[in-house]
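Work through the exercises below with the sequence and the structure side by side. Each task is followed by a solution in steps.

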Amino acid sequence: MYQYILFDLDGTLTDSKEGIVNCLKYAFEKLGDPIPADEKLLRFIGPPLLASFQEFCGYDAEKANQAIKFYRERYNPIGKFENKPVPGGAELCARLKERGYVLALASSKPEALCVSICERFGFSPSLSVITGSTPDGDWSKTDVIRETFQRLGLKDTDKSRTLMVGDRKFDVIGAREFGIDCVGVDFFGYAAPGELVDAGAVAVVQTVEALEAFILSH
């Protein structure tokens, strides 16, 4: 049975599309580059920004870091709150905590932003640990999960009782590389068809209610 539940943030606990897309457009405008089609912009939701700018836009490391600087110029004061929590998400976390589960956040977003967003939307009281990426560089999902695991004081023997919850293949792959299961959530439709299953998710759920049922039955 799972005892430790690690949640992703963007696309999982919150629908962050509006803030991310607005800040990406701001960054491209500041760079003087054309704004990509919405289809490409949506691919930025989930993975680390550095990898996204390099993979999706062909930027080298220097230009990608400049793009991130512009992105955060708008995101930190404005964009981080241009989102909304998944309906019923905070209540689910509270119920799971009440039942004795240990919950934590494991996000590739910079940690300070994770903390403020979780506080704003009522997730913080249910989370024993809030882990995000370092402010000066994007950790891989595996790095974030490893750090979360350590902060919770867990050992290798606890991996079989730990579940990652995320909406993109990066969550699934990071969990698999670390040696834990991941259940995929398709709350907002940001993953490509079949993406989560192909990456190795133990299950894919469409609603908060289905996620709760999966956790309680496993």
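## Exercise 1: a residue on a helix

Task: classify E73 as buried, partly exposed or exposed, and find what E73 touches.

Solution. Step 1: E73 has a relative accessible area of 36%, so E73 is partly exposed. The cut-offs are under 20% relative accessible area for buried, over 50% for exposed, and partly exposed in between, with a 1.4 Å probe and protein chains only. The model is predicted: local features need pLDDT of at least 70, side-chain atom pairs count only at pLDDT 80 or more, and totals for chains, interfaces and linings use all residues. Residues are numbered from 1 along each chain as its sequence is written, and side-chain values use heavy atoms, with hydrogens and water left out.

Step 2: place the residue. E73 is in helix α4. Helices (H or I, at least four residues) and strands (E, at least two) are DSSP runs, numbered from the N terminus.

Step 3: list the contacts, meaning heavy atoms within 4.5 Å. Not counting residues up to four places away in sequence, E73 touches Y26 and K30. E73 and Y26 are 47 residues apart along the chain, and their C-alpha atoms are separated by 9.0 Å.

## Exercise 2: the helix that carries E73

Task: compare the reach of α4 with the expected span, then say which residues of α4 are buried and what covers them.

Solution. Step 1: α4 runs over residues 61-75, which gives 15 residues. The expected span is 1.5 Å times one less than the number of residues. For α4 the expected value is 21 Å, and the helix reaches 20 Å from first C-alpha to last, close to that value.

Step 2: the buried residues of α4 are A64, A67, I68, F70, Y71, R72, R74 and Y75.

Step 3: the cover over these buried residues includes α1 (17-31), α3 (49-57), β4 (102-110) and α6 (111-120).

## Exercise 3: α1 against α4

Task: describe how α1 and α4 cross and which residues meet.

Solution. Step 1: the two axes come within 8 Å and cross at roughly 125°. Axes are lines fitted to C-alpha atoms, for helices over the stretch in contact, and angles run from 0 to 180 degrees between N-to-C directions.

Step 2: the angle makes α1 oblique to α4. Angles under 35 degrees count as roughly parallel, over 145 as roughly antiparallel, 65 to 115 as roughly perpendicular and the rest as oblique.

Step 3: the crossing is right-handed. A crossing has this hand if the near helix is turned clockwise from the far one by less than a right angle, and is left-handed if anticlockwise.

Step 4: from α1, the residues G19, I20, N22, C23, L24, Y26, A27, K30 and L31 take part; from α4, they meet K63, Q66, A67, F70, Y71, E73, R74 and Y75. By class, this contact has 10 nonpolar, three polar and four charged residues. Ala, Val, Leu, Ile, Met, Phe, Trp, Tyr, Cys and Pro count as nonpolar, Asp, Glu, Lys and Arg as charged, and the others, Gly among them, as polar.

## Exercise 4: two further helix pairs

Task: treat α7 with α8, and α5 with α10, in the same manner.

Solution. Step 1: the axes of α7 (residues 141-151) and α8 (residues 169-178) come within 8 Å and cross at roughly 55°. This makes α7 oblique to α8, and their crossing is right-handed. K141, T142, I145, R146 and F149 of α7 contact F170, D171, G174, A175, E177 and F178 of α8. The classes are five nonpolar, two polar and four charged.

Step 2: the axes of α5 (residues 89-98) and α10 (residues 208-217) come within 10 Å, crossing at roughly 15°. That makes α5 roughly parallel to α10. L92, R95 and L96 of α5 contact V208, L211, E212, I215 and L216 of α10. Here the count is six nonpolar, no polar and two charged residues.

## Exercise 5: buried residues

Task: state where T148 and F123 lie and what surrounds them in contact.

Solution. Step 1: T148 is in helix α7 and counts as buried at 0% relative accessibility. Beyond its neighbours within four places in sequence, T148 contacts L6, A104, L105, A106, V129 and T131.

Step 2: F123 lies in the loop between α6 and β5 (127-133), and at 0% relative accessibility F123 counts as buried. With neighbours within four places in sequence left aside, F123 contacts L13, T14, P85, G89, A90, C93 and C118.
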